[in-house]
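Colleague: Could you walk me through this one before I set anything up on my side?
Modeller: Gladly, let me put it on the screen.

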Amino acid sequence: VWKYIASCWNQDGDPVELLKIADKVSRFRQCLKENPTFLQEKVKTYFKDNPHRLTLSMSPEEDYHDKQAKMEAEKLGKKVNALSEEEKTQIFEKGLELMALQSKPQDTSCLPALQVSDIEPKIPFTVLETTLAADEIPVQYCAQPTNGVVYFRAVSSLNTLPEELKPYVPLFCNVITKMGCGALDYREQAQKMELKTGGMSVSPHIIPDDSHLDVYEQGVLFSSLCLDRNLQDMMHLWSEIFNNPRFEEEEHFRVLVKKTAQELSNGIPDCGHLYASIRASKNLTPSGELQEMFSGMDQVKLMKRIAEMSDIKPILRKLPRIKKYLLNSDNIRCSVNAAPQQITEATKEVEKFIKGIARSKKERKPVRPHKSSEVKPVGSEILTGLQITRKLVNDPTFKPCQMKTHFVLPFPVNYVGECIRTVPYTAADYASLRILARLMTAKFLHREIREKGGAYGGGAKLSHNGIFTFYSYRDPNSLATLKTFEKAVEWAKSGEFTQQDINEAKLAVFAAVDAPIAPSDKGMDHFLYGISDEMKQSHREQLFAVNTSHLLLFSCRYLAVGKSTRGQAVLGPENADITKDPSWVKR
């Protein structure tokens, strides 16, 4: 909100007046009523006929980085050659002084701070109601003060989708709401969505089980929101997308493919550490391979290959096949967050939607014979009615294995990830590892990787899937950073931290655990991830109970070299040391 009001406030405007959005909307509607061409006139005045403009064109230069490196080397050489021996000695001593200062612990006792005892010991439980739509589809309702907005979500299972179609699921998700549906072409569909909704999106949904690392849910998440008066229109759009998606616009599909491929490629410099982490965890859990396929470098390379294809028809023909398995009511569950007075109307619309979408005529089974599906009920906090169930996948033949991957990319810096298989969310040790990740980040990794190593950032984190991740971001080092990760474990094992350090780590973790949850997201941990408020409360109590002995024990048990299966990945420039090491796979 502050970003929205800052500009006006800085110019002596009234920030309170700016927040009265309902008044502004009413005034806007009145202006449109009085003058139907109100918007057109504003566009003409401020855009079409506005002489105050600047046009800036930018063109890429292929050898830009080489020129920059050469200029920097020449500049550095001139400065070094101009130094006297005395000045060189002085700079060297200053460098040693800086290293000593960076290694010296800072006295933070003078700063005001919260205490762990200030944290609330219990969390408020969310009231949820689950009913069956069309007598068989579970729908979770959460009544919240959503200020006239209705939030709808649905998850459809991928369990029956053939394996050869799975790599194309992210592409399917990206285009299914942009290709047109029913009587609407893609332009009309986009206009309708903008007019009647706050957005409609589809994305892959790969969620590990909360109590088993080798069990996971694979599906697709449908999300949308709208004003309560537009609920019928929004659900009708979903019905048309499910029943009558249009796949005949080949040229528009090609544009969407190229746009997606370009966005993925452009996103690597900003998200390189995430790509490295996804790759490093690929072979640690059964869901890791799917995460790499959907969200990792494999997906970036696949989209690049598709974007370069002269004939894109074979890819376009895969979309109706994927639709047949995903866009039906066979393996779906839904969720609605809305104001209490809107729940009744929302129930009717969801029921109508479920009854209106297609149902498969034959029973489909999971496509891999060695994979089994299980239905797992999700226990809940204050849950009335039925329970949400998730159809999980279990691969009894899976064996975690180690892998080192180096993606050679035209970057001057590295993105480094190292992942270690540990324990699931509900395990008693999970809380200690979560505190340990925060402790190592704040008290060791930040200093060693950023302050001394020169990287933009780095640290450790424990994900919900039980993968403990070390990472660095825009890092001039690669193998040296992996050594730093090892040193971080040795630092933790030696107990070179105080009770105050542990308390600060707990406060940082609780800041994330207790972050405010918007009314739109209440109950979503339960619906999407299977994490109930009882589980959260149990995890909370385990976080409070973490002590020095736990941290020492679990750093040895899980993080020490040779104790757990781990993977490593580096995205960055050519590296002679990595090339000489046969244990690394070069991509």
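Colleague: Where is Ala134 found?
Modeller: Ala134 sits in the loop between strand 1 (127–133) and strand 2 (137–143), where helices (H or I, at least four residues) and strands (E, at least two) are DSSP runs numbered from the N terminus. This is a predicted model, in which local features need pLDDT of at least 70, side-chain atom pairs count only at pLDDT 80 or more, and totals for chains, interfaces and linings use all residues. Residues are numbered from 1 along each chain as its sequence is written, and side-chain values use heavy atoms, with hydrogens and water left out.

Colleague: And what is its phi, for Ala134?
Modeller: Ala134 is not a glycine, yet its phi is positive, at about 55°. Most residues other than glycine have a negative phi. Arg474, also not a glycine, has a positive phi of about 45°, and Arg474 is found in strand 13.

Colleague: Which strand does strand 13 pair with in the antiparallel sense?
Modeller: Strand 13 (residues 467–475) pairs that way with strand 11 (residues 414–421), over seven bridges, and a pair requires that DSSP finds at least two bridges between the strands. Within this pairing, Ser472 of strand 13 is the bridge partner of Val416.

Colleague: What order do the strands take in the open sheet of six?
Modeller: The order is 12-13-11-14-10-15, with mixed pairing. Strand 12 (457–462) and strand 15 (584–586) are the edge strands, each pairing on one side only. On average, neighbouring strands of this sheet are turned by 15° against each other, direction ignored.

Colleague: Which helix packs on that sheet?
Modeller: Helix 16 (residues 430–452) does, touching strand 12 and strand 13, with contact meaning heavy atoms within 4.5 Å. The direction of helix 16 makes about 170° with that of strand 12; axes are lines fitted to C-alpha atoms, for helices over the stretch in contact, and angles run from 0 to 180 degrees between N-to-C directions.

Colleague: Switching to pockets, what volume does the second largest one have?
Modeller: The second largest pocket has a volume of about 810 Å³. On a 1 Å grid over the protein atoms alone, a pocket is an open set of points with protein on both sides within 12 Å along at least five of seven lines, a cavity is a set where a 1.4 Å probe fits but cannot get out, and lining residues have an atom within 4 Å of a point. Grid points are joined across faces, edges and corners, and the volume is the space filled by probe spheres set on the points.

Colleague: Which residues are closest to its centre, in that second largest pocket?
Modeller: Of the 30 lining residues, the closest to the centre are Pro105, Gln106, Thr108, Ala442 and Lys443. Helix 6 (85–103), helix 16 and helix 18 (499–513) are the elements giving two or more residues to this lining, and helix 16 supplies the largest share, seven residues.

Colleague: How many cavities of 30 Å³ or more are there?
Modeller: The search of the whole structure finds two. The second largest cavity holds about 30 Å³ of space and is lined by Leu114, Gln115, Gln500, Asn503, Glu504 and Leu507.

Colleague: Last topic, which strands form a hairpin with six residues between them?
Modeller: Strand 4 and strand 5 do. Strand 4 (residues 200–208) and strand 5 (residues 215–227) run antiparallel and are joined by nine bridges, and Phe222 in strand 5 is the bridge partner of Val202.
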